[in-house]
Amino acid sequence: MKTSTTKEWLARYGTILTILLLTLTFSLFVDGFATVSNLWLLLQQISVLSLVAIGMTMMKISVEAGFDLSLGALAILSSAIVAIFLTVGFPIWLAILLTLSLGVFGGLVNGFLTSVINVPTLIETLAMRTILLGVLLVITGGRSISQLPDQFTLIARGTVLTVPFPVILVFAMYILFHFFTTKTRYGYYLYTTGYNTEVAESVGINPLSYRLLAFACAGFFASLAGVLLTARIGMYAATYTGVYLLESVIAVFIGASVFNKGKANILGTFIGVLLLGVLSNGFSIIGASRALIKTLQGLVFLLAVSASMILVKND
């Protein structure tokens, strides 16, 4: 019994303990890590991933058995689309609005195909990922898009009382959707839909509408991440086509082992993203190769999945 309790405690709080140990180690032995400027840099580095991961979490809450494998591709496509809109002369607000609308539309298409047509989630979103990357190649020709308005880049490079705007935006989204999923009846309906659609229907919940809501939110956040990415680097970079999918899945799995007994949750996802951010930031400062960082992320993924399985088994 004691061994089981210890195992469950480590599964639930091991992620937080790991973050604390990594932060302490990097602070003591890596010059430049424990500084205010690096803190802001770290939080800005995880801002784009945070948005994709929030979207992935919303989708995972309502569809317990699947992940949206198209979100990373949708984020990169949105990065290119907003850049194209801006280069042809669209006002900044309209370029952003149209890009976010396309993201929501993409999410609704995924939701319709999986929830109405009943295409398996992993297969449909994997196919959609391939389609989106194909569209990306067609509209960009495999080239980067630069020379964007300076006012647009202020979205990612501006500050409010010395706090970078992306940090404010991301934390606002974390707080808002944590409240939505844990303190409102609609959040309860989302969890109920993900747990069992028959149970949801028996208590008067329409599972289809909440799954569509979750997919729409996922699409919105993926597109918002793409807009923020373009603003942050000041261009659409053609080399970014493969990022954020694996990291967002890892973050959700890590989050599922924190606070909520193996179930996806917004606060846990933040902890997962933060762990990946600390890991990447610290090892980048000491000059570790990207290959090593990816290897460590894969190891974290395995540990997170194991922790989630322990919690589900002991629940």
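Modeller: A helix here is a DSSP run of H or I with at least four residues, and helices are numbered from the N terminus. The model is predicted. By that count the protein has 14 helices and two strands.

Biologist: What makes helix 13 stand out in the lining of the largest pocket?

Modeller: Helix 13 gives the most to that lining, with six residues. A lining residue must have an atom within 4 Å of a pocket point, so six residues of helix 13 pass that test. Helix 13 spans 266-285, and helix 2 (36-45), helix 3 (47-62), helix 11 (207-233) and helix 14 (290-314) also supply at least two residues each.

Biologist: Which residues lie nearest the centre of the largest pocket?

Modeller: Q45, R232, Y244, S280 and R290, out of 23 lining residues. The volume of the largest pocket is about 560 Å³. Its lining divides into twelve nonpolar, seven polar and four charged residues. Arg counts as charged, so R232 and R290 belong to the charged class.

Biologist: Why is the space lined by L43, I46, S47, S50, V167, V170, F171, Y174 and F270 called a cavity?

Modeller: In a cavity a 1.4 Å probe fits but cannot get out, whereas a pocket is an open set, so the name says that this space is closed to the probe. The space lined by those residues is the largest cavity, with a volume of about 40 Å³. The structure holds two cavities of 30 Å³ or more.

Biologist: Which helix gives the largest share of the lining of the largest cavity?

Modeller: Helix 8, with four residues. Helix 8 covers 165-183, and helix 3 also supplies at least two residues. By class the lining has seven nonpolar, two polar and no charged residues. Tyr counts as nonpolar, so Y174 is in the nonpolar class.

Biologist: How do you know that the span of helix 11 is close to the expected one?

Modeller: The expected span is 1.5 Å times one less than the number of residues. For the 27 residues of helix 11 that gives 39 Å, and the helix reaches 39 Å from its first C-alpha to its last.

Biologist: Why is helix 11 called mostly covered?

Modeller: Buried means under 20% relative accessible area, and 19 of the 27 residues in helix 11 are buried, so the label follows. Across the protein, buried residues make up 49% of 315.

Biologist: What makes the pair N206 and L208, at the start of helix 11, a polar contact?

Modeller: A side-chain oxygen of N206 reaches to within 3.2 Å of the backbone nitrogen of L208. The cut-off for N or O atoms is 3.5 Å, so the pair passes on distance. Just after helix 11, G234 takes a positive phi of about 75°.

Methods: Residues numbered from 1 in each chain as written. Predicted model: local features only at pLDDT ≥ 70, side-chain atom pairs only at ≥ 80, totals over all residues. Heavy atoms only, no water. 1 Å grid on protein atoms, 1.4 Å probe; cavity = no way out; pocket = protein on both sides within 12 Å on 5 of 7 lines; lining within 4 Å. Points joined across faces, edges and corners; volume = space filled by probe spheres on them. Buried < 20%, exposed > 50% of the residue type's maximum accessible area, 1.4 Å probe, protein only. Polar contact = N/O pair within 3.5 Å; in protein donor to acceptor, adjacent residues only side chain to side chain.
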